[in-house]
Amino acid sequence: MAGQRVLTDSEVIKAVLGGDREAFGGLVERYQKGLATYIYHMVHHYEEALELSQEVFIKVFESLDRYDGQYKFSTWLYKIASNHTIDHLRRQHMTTTSIQQREDDPDMPDLPLESATLGPEEAYRNKMLLVEVQKALKDLPPSYRELILLRHFNFRSYEEMAKITGLPIGTVKNRIFRARQILMEKLEEFR
Amino acid sequence: MTGKEDTERCTKILALLPRFIENDFTVEESAEILEHLSKCPACQAEYESMKRLLNTLEDMPSIGVPRSFKDAVMRHLPPSKEAGDS
């Protein structure tokens, strides 16, 4: 017997809107890792990232009947995630310490040192560079950090990034070029 | 070429690099950039740095999501809207 066909996002949404709540779990499974990682790199706290991701999925469920099928579901999902995360950072900035003053997350995922293709020295150098890049990314203004993540972690097109952030494409491009320049200036490796 | 022309050429090439690195360029731009990079170590170094930064960003690890995550989301979903609800 042939394996079961994987439903498209649109088919899952139709099923959910038709009353099959459990089908929503399929969308959660499909996007949870990418979404939680995107939010994690925005807030730099593991538990907070999971909590915000959960809230985003609940918001998505609540407004699923307003989803416009002419857009990719993932673009809509990240638009909701972007608004929710930026709001969270704004609230946090107003009510607690500045983002820069927060301690590093003790749960920050450790990165594998081993590599099938690199020697131990180069793998170590790459790991250190990655840690530095993550620190530099953390210091970027959230609106710039978000664009870097959407482009280079989620591999979004500029058109999708414009829809997610609500910015004109020209602004998205200018900001991302500027953000990369700031990262390069901050990183000793690139000076 | 004079030093001033060199500087102007470098400025022009450096402005094109962000698009070039994302394969967004015309044939003419590509030829001009590649020719300049082959002769200018400073711009070549800038190009290599940019590529290295992008590669590093694209290699950022994903975080692990607990198996219980989906169940937690499903448990917290609000009741479905019934037809006729106001």
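User: Which residues of α2(A) meet which residues of α4(B)?

Analyst: In this predicted model, G25(A), V28(A), E29(A) and Q32(A) of α2(A) meet F69(B), K70(B), V73(B) and M74(B) of α4(B). By class, the residues of this contact divide into 4 nonpolar, 2 polar and 2 charged.

User: Why is α2(A) called oblique to α4(B)?

Analyst: The axes of α2(A) and α4(B), the latter helix spanning residues 68–76 of chain B, come within 10 Å and cross at roughly 135°. Roughly perpendicular covers 65 to 115 degrees and roughly antiparallel begins over 145, with the rest, apart from angles under 35, counted as oblique, and the crossing angle therefore makes α2(A) oblique to α4(B). As for its hand, the crossing of these two helices is right-handed.

User: What makes α8(A) and α3(B) roughly perpendicular to each other?

Analyst: The axes of α8(A), residues 169–186, and α3(B) come within 11 Å and cross at roughly 100°. Angles of 65 to 115 degrees count as roughly perpendicular, and α8(A) and α3(B) are therefore described in that way. The contact between them is made by R180(A), L183(A) and M184(A) on the side of α8(A), and by S49(B), M50(B) and L53(B) on the side of α3(B); by class it has 4 nonpolar, 1 polar and 1 charged residues.

User: Why is α6(A) called oblique to α7(A)?

Analyst: Helix α6(A), residues 142–152, and helix α7(A), residues 158–165, pack at an angle of about 140°, with their axes 10 Å apart. An angle has to be over 145 degrees to count as roughly antiparallel, so the packing angle leaves α6(A) oblique to α7(A). The crossing in which α6(A) passes α7(A) is right-handed. From α6(A) the contact takes E146(A), L147(A), L150(A) and R151(A), and from α7(A) it takes M161(A), I164(A) and T165(A), which by class gives 4 nonpolar, 1 polar and 2 charged residues.

User: How do you know which elements of chain B make up the side that touches chain A?

Analyst: The contact between the chains takes 24 residues from chain B and 33 residues from chain A. On the side of chain B, the elements that give two or more residues are α3, residues 41–58, and α4, and α3(B) gives the most, with 7 residues. The residues on this side of chain B divide into 15 nonpolar, 6 polar and 3 charged.

User: What is the secondary structure of chain B, and what share of its residues count as buried?

Analyst: Chain B has 4 helices and 0 strands, and along the sequence it follows the pattern α-α-α-α. A residue is buried if 20 or more other C-beta atoms lie within 10 Å of its own, and 9% of the 86 residues of chain B count as buried.

User: How is chain A divided into domains, and which helices supply the side of domain 1 that touches domain 2?

Analyst: Chain A is divided into domain 1, residues 7–101, and domain 2, residues 112–191. The contact between these domains takes 13 residues from domain 1 of chain A and 14 residues from domain 2 of chain A. On the side of domain 1, α2 (24–43) and α4 (73–95) of chain A each supply at least two residues, and the largest share, 6 residues, comes from α4(A). By class, this side of domain 1 has 6 nonpolar, 6 polar and 1 charged residues.

Definitions and conventions
Residues are numbered from 1 along each chain as its sequence is written. Chains are lettered from A and ligands numbered from 1 in the order in which they are written. This is a predicted model: local features need pLDDT of at least 70, side-chain atom pairs count only at pLDDT 80 or more; totals for chains, interfaces and linings use all residues. Domain bounds come from an automatic or database domain assignment. Two residues are in contact if their C-beta atoms, placed from the backbone, lie within 7 Å. Ala, Val, Leu, Ile, Met, Phe, Trp, Tyr, Cys and Pro count as nonpolar, Asp, Glu, Lys and Arg as charged, and the others, Gly among them, as polar. Axes are lines fitted to C-alpha atoms, for helices over the stretch in contact, and angles run from 0 to 180 degrees between N-to-C directions. A crossing is left-handed if the near helix is turned anticlockwise from the far one by less than a right angle, and right-handed if clockwise. A residue is buried if 20 or more other C-beta atoms lie within 10 Å of its own, exposed if 12 or fewer, and partly exposed in between; C-beta atoms are placed from the backbone.
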